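Thank you all for making time this morning. I would like to walk you slowly through one protein chain, going from its surface to its interior and then to the charged pairs.

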Amino acid sequence: MYKRNLAYVLFTFCCLLSVGVSAQNKITLQGRVTDRSGEPIAQATVAVENSATGTYTDDNGHYSLSIVSGRHTLVVSFIGYRTVKTTLDVSRNQTQNFTLQETSVNLGSVEVYGKTSTQKVKEGAFAVNALDIKPIVNSLNNLNELVNRTTGIKVREEGGVGSDFDLSINGLSGNSVRYFIDGVPMDAKGSDVSLANLPVNIIDRIEIYKGVVPASLGTDALGGAINIITKKEKRNYLDASYGIGSFHTHKADLNAQFVEPHTGLIIRPTVGVNYSKNDYTMKDVELWDESVRQYLPTNRKRFHDDYFSLLGQVEVGVSNRSWADDFFVSASYSKVDKELQTGSLQTKVYGMAEKQSDAWNVSVRYRKRDFIIKKLHMNALLSHTWDHSLTVDTAYRQYDWNGDYIVSSRNEITGRARSMRHYKRPLTLVRTNLDYQLNASHSFNLNYLLSRTGNNRYDDVDDSFEPANDVLSKHIIGLSYAQSFFDGRMNNTFFVKDYVNHVNIRQTDLYWITGSEDVTGSVTKNYVGYGAGTRFTLTEPFSIKASYEHSVRLPLSRELLGNGTTIYANVALSPESSHNINLGFFGTWHPATGHTIYYEAGGFLRYVDDYIQAEVSEKEGMMQYVNQPAVHIKGAEGEIRYDWQGRLQVSANVSWQDARDRMKYKNDGKLSATYNNRVPNQPWLFGSAEATYTFRNVILPQSKLRLGCAYQGIHWYFLTWEAYGSVESKARIPAQHTFNANLTYSWKRERYNLSLECSNLFDRTVYDNYKLQKPGRAFFAKFRLFID
């Protein structure tokens, strides 16, 4: 009850404040920044002196500032150009262009700094990590690597390239986290499209929401959400890259845009390809030694772990028309072929099983400012995906790490009859987002999302398998109200969400495992969530923020219905619900010319009921999602970043999170052995540090040489509940310390880019999800070509 009262008190306080604060009339100052030859200058700073108001120019040199009327001094600066100061009397919307002159002197006398879109997101009312991709796109191989180095985030992979992974945000992991591309669920591209195989060249930035998720995303995320923002260029360009690395790894990406000058038709093709044999060495795996007649630890290479993924997309449309700001039709195809080497435990070795999936998607999106009435903005999407996966498990064999096998009477994965299991899961999405700006201080947002997933399953060879066609549908409506006061120094957001969940369960096989005898037929239920967030800036070096949400997460098809390979269905699974609280402070400090320090620290609480957690059967190597009645999570985290003149960047972060089982008594009334135990298989103390330095005009003019290194450390943690077993026999995932190093050389103003990377530099034995080994030392080289 006290958590609900907290939201009501915060809501009442801010509503009373809004009555007493009059909205100041804001105006728009916009224009263009160019050099003396008329060429646009991108990323130039345009700021109001002695205030926190500022921005950067886009790739065409354009900028736009929202300021109050009156007399202002504007400061425009960019490295290698003379800083311009202009004092203006602004009383209405106007255009002001600037021309900068080149200089050989690095002028930095004006202590005024604008903020990128990434920084603005981080400094909002919600607890957010915002990651800018542009500076590191030349060396970045996949998004998991980047996300895993950020505060409060831990990505645990089950192997090498293309392996399944579990991502946690502040202690809530797996399917508690939702993924989006430009606000649209990533599942629309196909169930096997993920952070691990999405082309990095298409991405502008990544927003990671912790615990409290904006209603505008239209999701039932419990732990948080990851929203990938793609590039929105206005010019023709070609962005292509190819990389090659250890363990027979190859990666190729292509992203381009062509604007037909006469009709204004925009065409955007995208292709991403990944392949790896993943034949890295498994250290100290147990093999039978006939000479001593016992199992001995030895090193063996993985022999059945090939991975191939393909994502292709074409988007065609127009922008800046009287009837639409954007109207695009897209079609995409994704394909993943994956050999399966192990189950959920590495002692369960496969040699023939494999999984194949492919997905087709078509979608239409529409965006219009001043839709029907002034200041009402509309963003709409209609999407349909045909998603099909096939798991082949027809070998009656039992393999070991030598690649040898003995003939068995059961298949490899489930220990049952031969199977060629098909899952067809068509996905339909309908999203409508309406945003209304009442004035400079008040705005409203209404979001609706329909998500309908089918589950048509059948088997080509297993006659005992019972086909079924289940349906999961979700309707999520979110309404939010935002306030901005004191020239943007205070921001408040209030929201309410309504979830309607409809399931139609028709499968009845393995009822003693899946619970299908108790849950069949059609069921519709309704849930309500709500929350609020606030941020107040005292001075630029110090701001505080707080947010709260009562959230609900509906089980996904993977959790409820299994995946046809290593996960059993659990159709009796209940939705999770949680009270999420965040409190933090942050700031930016400029101690001297050219020096910038950003810091952020905070704490969080998560009170989760019916916590959905994966459990593994050691005998079968199979996994199933189950409800834990009550789990409480508390934690703290901190980050600091330092920048010197855009050349030297140093950052470090640390995260501590304590997730414990709070169900004291079992259903039979007996004391639970796991009461107050830490939730197993989850890191609880981890951190990372990075340093990069950029040299300019090395060997060639207009070139950059960027050197970087990164460190990650994880404290040991229990693999299973700490109450089980003796102290000596408890399964632990040991402490881990890994180092990466990279080098990137760019020339011709980053038209040509070459990067070299060494991961796990000291070849440490590294474990991850369920103590599955990850690759040892690996090398990767990448060449990127960017033409515009």
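**A walk through the chain**

Let me begin with a single residue, Val316, which you will find in strand β22, the stretch that covers residues 307-319. Please keep in mind throughout that what we are looking at is a predicted model. Val316 has a relative accessible area of 30%, so it counts as partly exposed. Together with Phe258, Leu265, Ile267 and Val314, Val316 makes a nonpolar patch on the surface, and this patch covers about 350 Å².

Now let us step back and take in the whole chain. It has 788 residues, and 52% of them are buried. The secondary structure comes to 5 helices and 46 strands. The accessible surface of the chain is about 34,500 Å², and carbon and sulfur atoms account for 55% of that area. If we take the contacts in the chain with a separation of 6 or more, 65% of them are between residues 24 or more positions apart.

Lys277 gives us one example of residues that are apart in sequence and yet in contact. Lys277 sits in the loop between β19, residues 266-276, and β20, residues 281-289, and its relative accessibility of 30% makes it partly exposed. Along the chain, Lys277 and Asp306 are 29 residues apart, while their C-alpha atoms are separated by 4.2 Å. If we set aside residues up to four places away in sequence, Lys277 touches Phe247, His248, Asp305 and Asp306.

Let us go inside. Which residues have the most contacts within the largest nonpolar core? They are Leu143, Val147, Leu167, Ile206 and Ile226, in a core that has 27 residues. At least two residues of this core come from each of α3 (143-147), β10 (153-157), β11 (165-169), β13 (177-181), β15 (203-210) and β16 (224-230). If you want to follow one member on your screen, try Leu143, which touches Ile133, Leu195, Leu198, Val200, Ile203, Ile206 and Ile228, again leaving out residues up to four places away in sequence. There is also a second core, separate from this one, with 17 residues, among them Ala44, Val76, Tyr81 and Leu88.

A polar residue can be buried too, and Thr588 is a good case to look at, since its relative accessible area is 10%. Thr588 belongs to strand β36, which runs over residues 576-589. Leaving out neighbours within four places in sequence, we find Thr588 in contact with Gln119, Glu123, Glu540, Pro541, Thr596, Ile597 and Tyr598.

Next, the charged pairs. How many salt bridges does the structure hold? The count is 30. One of them joins Lys85 to Glu49, with 2.8 Å between the closest N and O atoms. Lys85 is in strand β6 (residues 84-90), whereas Glu49 is in the loop between β2 (45-48) and β3 (54-56), so this pair ties together parts that are 36 residues apart in sequence. Both partners are partly exposed, Lys85 at 47% relative accessibility and Glu49 at 23%.

Another salt bridge links Asp788 with Arg235, and here too the closest N and O atoms are 2.8 Å apart. Asp788 lies in the segment after β46 (778-787) and Arg235 in the loop between β16 and β17 (237-245), so the parts that this pair ties together are 553 residues apart in sequence. Arg235 is partly exposed, at 22% relative accessibility.

For a contrast in surroundings, please turn to Asp658 and Arg660, whose side chains meet in a salt bridge with an N to O distance of 2.9 Å. These two residues are both buried. Salt bridges can also share partners, and in this way Lys134, Asp204, Arg205 and Glu207 are joined into one network.

I will finish with the cysteines. A disulfide is a covalent bond between the sulfur atoms of two cysteines. How many disulfides does the structure hold? The number is 0. Two cysteines that you may like to find for yourselves are Cys709, which is partly exposed at 42% relative accessibility, and Cys758, which is buried, with a relative accessible area of 8%.

Methods. Residues numbered from 1 in each chain as written. Predicted model: local features only at pLDDT ≥ 70, side-chain atom pairs only at ≥ 80, totals over all residues. Heavy atoms only, no water. Patch = residues over 30% accessible without salt bridge, like charges linked within 9 Å, V, L, I, M, F, W, Y side chains within 5 Å. Areas by Shrake-Rupley, 256 points an atom, 1.4 Å probe, with all protein chains shown as cover. Salt bridge = Lys/Arg side-chain N within 4 Å of Asp/Glu carboxyl O. Helix = DSSP H or I, 4+ residues; strand = E, 2+ residues; numbered from the N terminus. Buried < 20%, exposed > 50% of the residue type's maximum accessible area, 1.4 Å probe, protein only. Core = buried A, V, L, I, M, F, W, Y, C linked by side-chain atoms within 4.5 Å. Contact = heavy atoms within 4.5 Å. Disulfide = S-S within 2.5 Å.
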